[in-house]
Amino acid sequence: MKTNSTPRRVVVGISGASGALLGVRLLQALRALPGVESHLVVSDAGWLTLRHEMEMDEAQVVALADVHYACRDVGAAIASGSFACHGMVVAPCSMRTLGAIAHGLSDNLLTRAADVTLKERRRLVLLAREAPLNLAHIRNMAAVTEMGGIVFPPVPAYYAKPTTMEDAAQHTVARVLGLLGLLPEQEEWRGLPASVPKTA
């Protein structure tokens, strides 16, 4: 029997698109949330990007998660729908990973965990990272959306006036946590000040 002290598990996938910073900052944010447990799976290309963009080795990244799985370990716990999970985020999500999820390929643990998330009607958020988009990308995004997933390109929120890549990444991570229902105190946009009508 589950109790209220059972941690909310969030699966984090990091694939090979540019934007490894997003996955790292998401793991750090999840670690700071009480009662949340992160389960990490990184694709082979994801490790390459983490080393190149973040200059982090495998041990440093794995240390940020509560549990880590090898991407080829398709028999791991997160491959089963019986694994109680709050939701999953792929940050960043490559077009290859997006395509595999859109077509239900489940050809590695990352895409299998995403497939499980969809079939169990849990929240799946894909930080799809590519530009410009071709028609295959757009159709795959539509397919995932029709299955209940959320395609969330990490577009900078210029209204927040970010001055660094770090600012933009932190804002994106906060929005992702909001989509997962893990950040109830998220600051809301209150609109621009009302303009004063010009006088004649």
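This report walks through the fold, the empty spaces and a few backbone oddities of a predicted model.

## The overall fold

Let's start with the parts list. The chain holds seven helices and six strands. Read from the N terminus, the order goes β-α-β-α-α-β-β-α-α-β-α-β-α.

How does the radius of gyration of the chain sit against that of a compact globule? A compact globule of 200 residues would come out near 16 Å, and the chain has 18 Å, so the two agree. Along the principal axes, the C-alpha atoms take up a box of roughly 75 × 45 × 35 Å. Of the 200 residues, 44% are buried. Sequence-distant contacts are well represented too: take the contacts between residues at least 6 apart in sequence, and 77% of them join residues at least 24 apart.

## The largest pocket

The largest pocket has a volume of about 440 Å³. Its lining counts 21 residues, and the ones closest to the pocket centre are Gly-19, Leu-22, Arg-129, Pro-154 and Met-165. Sorted by class, the lining has 15 nonpolar residues, along with three polar and three charged ones.

Which helices each supply at least two residues of that lining? They are helix 1 (20–32), helix 2 (44–54) and helix 7 (165–179). Helix 7 makes the largest contribution, with four residues.

## Helix 1 up close

Helix 1 deserves its own look, as one of the helices behind the pocket lining. From first C-alpha to last, its 13 residues reach 19 Å, close to the 18 Å expected at 1.5 Å a residue.

Is helix 1 largely enclosed or largely open? Ten of its 13 residues are buried, so the rest of the structure largely encloses helix 1. Buried here means under 20% relative accessible area. The buried set is Ala-20, Leu-21, Leu-22, Gly-23, Val-24, Arg-25, Leu-26, Leu-27, Ala-29 and Leu-30. One of these, Leu-22, also turned up among the residues closest to the centre of the largest pocket.

## A closed cavity

Rolling a probe the size of a water molecule over the atoms shows where empty space is left. In this model, the count is one cavity of 30 Å³ or more. The largest cavity contains about 40 Å³ of space.

Who lines it? Around the largest cavity sit Val-11, Ile-78, Ser-80, Phe-83, Cys-85, Ala-113, Val-116, Thr-117 and Arg-122. Helix 5 (residues 109–119) gives the most, with three residues. By class, the cavity lining comes to six nonpolar, two polar and one charged.

## Backbone oddities

Two proline peptide bonds are worth a look in the viewer. Ala-91 and Pro-92 are joined by a cis peptide bond, with omega about -5 degrees, and Pro-92 belongs to strand 4 (residues 87–93). The bond from Ala-131 to Pro-132 is cis as well, with omega near -10 degrees. Pro-132 is in the loop between strand 5 (123–128) and helix 6 (135–146).

Then there are the positive phi angles. Glu-55 is not a glycine, yet its phi is positive, at about 55 degrees. Glu-55 falls in the loop between helix 2 and helix 3 (58–62). Is Glu-55 buried or exposed? With a relative accessible area of 71%, Glu-55 is exposed, because anything over 50% counts as exposed.

Ser-106, also not a glycine, has a positive phi near 50 degrees. Its home is the loop between helix 4 (95–102) and helix 5. At a relative accessible area of 22%, Ser-106 is partly exposed.

Key
Residues are numbered from 1 along each chain as its sequence is written. This is a predicted model: local features need pLDDT of at least 70, side-chain atom pairs count only at pLDDT 80 or more; totals for chains, interfaces and linings use all residues. Side-chain values use heavy atoms; hydrogens and water are left out. On a 1 Å grid over the protein atoms alone, a cavity is a set of points where a 1.4 Å probe fits but cannot get out, and a pocket is an open set with protein on both sides within 12 Å along at least five of seven lines; lining residues have an atom within 4 Å of a point. Grid points are joined across faces, edges and corners, and a volume is the space filled by probe spheres set on the points. Ala, Val, Leu, Ile, Met, Phe, Trp, Tyr, Cys and Pro count as nonpolar, Asp, Glu, Lys and Arg as charged, and the others, Gly among them, as polar. The expected span of a helix is 1.5 Å times one less than its number of residues. Buried means under 20% relative accessible area, exposed over 50%, partly exposed in between (1.4 Å probe, protein chains only). The radius of gyration is taken over C-alpha atoms; the globule rule is 2.2 Å times the number of residues to the power 0.38. Contact means heavy atoms within 4.5 Å.
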